[in-house]
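Got your viewer open and a cartoon view loaded? Let's take a short walk through one part of this chain, one selection at a time.

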Amino acid sequence: MFCFQCEQTAGGKGCTKVGVCGKQPDVAYKQDELICALVGLARAVNGNKPSDHTVELMLKGLFTTITNVNFNAETIGKLISEVEEEKNKLGGADDFSVNALWSGDSDIVSLRSTLLLGIKGMAAYAYHARVSGKSNDEVNNWFFKGMKAFGESHSLEEWLNLLMEFGMINLKCMELLDEANTSAYGTPVPTKVTTIIEKGPFIVVSGHDLCDLKQLLEQTEGKGINIYTHGEMLPAHGYPELKKFPHLKGNFGTAWQNQQKEFSDVPAAFLFTTNCLMPPKPSYMDRVFTTEVVSYPGLVHIDDVDGKKDFTPVIEKALELGGWPEDKIMTGINGGTELMTGFGHGTVLGVADKVIDAVKSGAIRHFFLVGGCDGAKPGRNYYTEFVQKAPKDTIILTLACGKFRFNDLNIGEIGGLPRIMDMGQCNDAYSAIKVAIALSKAFECDVNELPLTLVLSWYEQKAVCILLTLLALGIKNIYIGPSVPAFFSQNVLNVLVDKFNITPITTPEEDLKKILG
Ligand code: FS2
Ligand code: SF4
């Protein structure tokens, strides 16, 4: 097997025997086979408008191969057969070999891989938008354009151009998902979320899919079961159409990489709607359920029947386990019991005047977007320390699961605005972009001239598509960590440094000094 798509890849180079994430070689081979089948499907579509079913297969297929989503060779095998069948219905196409993906000039392999991984990330976003009823032809068509490109030969410059074109398409896709979420669940509002778990039966919902959470909230109404979010589901508390359910109580645990410890012996059911699933331990395996494209051998999967799901097995398990007999005080990483979320573009731009005045008066010196994925490496303490050491006249915008390193800290307010503002999930990077563009208009300057610095942490492929969007928008001086992606060759990294001044993180002190001067 060979896989180097995420930040924890073996030796910082590639997993070749077994995945650090727990992915076994048979699953890795199947995932490669699936990617090849999808290139074949794109070839068969050949620039024409794909049908709705063809698009669905493309999105499902790509999403399935993202880190910590699907560990099940059997379900991947079924998907491959469906893709092959669809390809043949469209008149067939030449096979594409996985060797073609990883072989050739190292810089070309690097650019090709970066595009493939970005496309995987965007597929997850397009998939979520789709289940909430939003789809966009331009975005859909680009999946086929991009996937077909892997079977073609392009110069370095052409690959770079494709990456930038993709970045702008992913911006459209994130906008589409924002529209899907806000039109279905309302505009997020600032909301306090407790980490204390009430006594009695409960279900913990993880992943990014708000549509699954809504269905589960409806199906558990009046049943004496409380619902808690986990990881990337935390921002759900800010959406009016979800927070209106009184049994959506709070947030359980911290970021994905702590689940094997945090879930152990907990008397509750766990539902994974998307990544990040880790191989479950025997102490809690019987209570973990999957849905959507998430799958793990031996876990019960909740299927979708015409957009509806029956969560009865999850509900029955929660009732059987019964929860804790007394309220359980759980805390965030730093000991806090209260988290805030709901600062999407609707909220932040709603107080734009206040923000602009605070910048003009000097009350706010600088904004940092400290966001992205979390992970297990000790180097990720950088992000906690960065937030703790950021001067009191600075604001921390944040998003995605990396925030669990510091979202229980109380670091005060500036003029009534909390110094840490959680904008949402990773896809809500769209909110951050919207706010940055609005501020640049208000101050009549380029985005790069704003008192704003992006300090990003990456782990899986959604971070790749977001980074490409930021670069395509011409955003420079991004700090990135905890390590440089293995799929960036030295020359590709040099180009990114030259063109965009991408800077690997060093220490919080040094980076803060460099940024604030
Ligand atoms: Fe975190 Fe995992 Fe959002 Fe990523 S919960 S690393 O999927 O997409 O961020
Ligand atoms: Fe390794 Fe990451 Fe690939 Fe898993 S997803 S096999 S950890 S590179």
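The tour goes from a sheet to a helix, and keep in mind that this is a predicted model.

**Stop 1: the sheet.** Start by selecting strands 15, 12, 11, 16, 17 and 18. Those six strands, in that order, make an open sheet, and their pairing is parallel. Now look at the two edges: strand 15 and strand 18 (503-504) each have a single partner strand, so one side of each has no neighbour in the sheet.

**Stop 2: strand 12.** Next, select residues 394-398, which make up strand 12. Are they buried or exposed? Five of the five are buried. Show the side chains to see how that works out on each face. In a regular strand, side chains alternate between the two faces of the sheet. Here Thr 394, Ile 396 and Thr 398 sit on one side, with Ile 395 and Leu 397 on the other, and both faces are covered.

**Stop 3: the neighbours of strand 12.** Add residues 420-422, which form strand 15; this strand pairs with strand 12 in the parallel sense over three bridges. To find one of these pairings, pick Ile 396 and look across to its bridge partner in strand 15, Ile 420. Then add strand 11 (residues 366-372), which pairs with strand 12, also parallel, over four bridges. Pick Leu 369 and you'll find it opposite Leu 397 of strand 12. Trace the chain from strand 11 and you pass through helix 14 (residues 381-389) before reaching strand 12; this β-α-β crossover is right-handed.

**Stop 4: across to strand 16.** Select residues 452-457 for strand 16, which runs parallel to strand 11 and is joined to it by six bridges. Which residue of strand 16 is the bridge partner of Phe 368? Click on Thr 453 and you have it.

**Stop 5: helix 16.** Now select residues 461-472. With twelve residues at 1.5 Å each, helix 16 should span 16 Å, and its end C-alpha atoms are 17 Å apart, which agrees. Ten of the twelve residues are buried, so the helix is largely enclosed by the rest of the structure. Among these buried residues are Val 464, Cys 465, Ile 466, Leu 467 and Leu 468. What do the buried residues pack against? Show helix 5 (106-131), helix 7 (156-185), strand 11, helix 15 (429-442) and strand 16 to see the whole set.

**Last stop.** Follow the chain on from helix 16 to Gly 474, where phi is positive, near 85°.

Terms used
Residues are numbered from 1 along each chain as its sequence is written. Chains are lettered from A and ligands numbered from 1 in the order in which they are written. This is a predicted model: local features need pLDDT of at least 70, side-chain atom pairs count only at pLDDT 80 or more; totals for chains, interfaces and linings use all residues. A residue is buried if 20 or more other C-beta atoms lie within 10 Å of its own, exposed if 12 or fewer, and partly exposed in between; C-beta atoms are placed from the backbone. Two strands pair if DSSP finds at least two bridges between them. A crossover is right-handed if, with the strands pointing away from the viewer, the path from the first strand over the helix to the second runs clockwise. The expected span of a helix is 1.5 Å times one less than its number of residues. Two residues are in contact if their C-beta atoms, placed from the backbone, lie within 7 Å.
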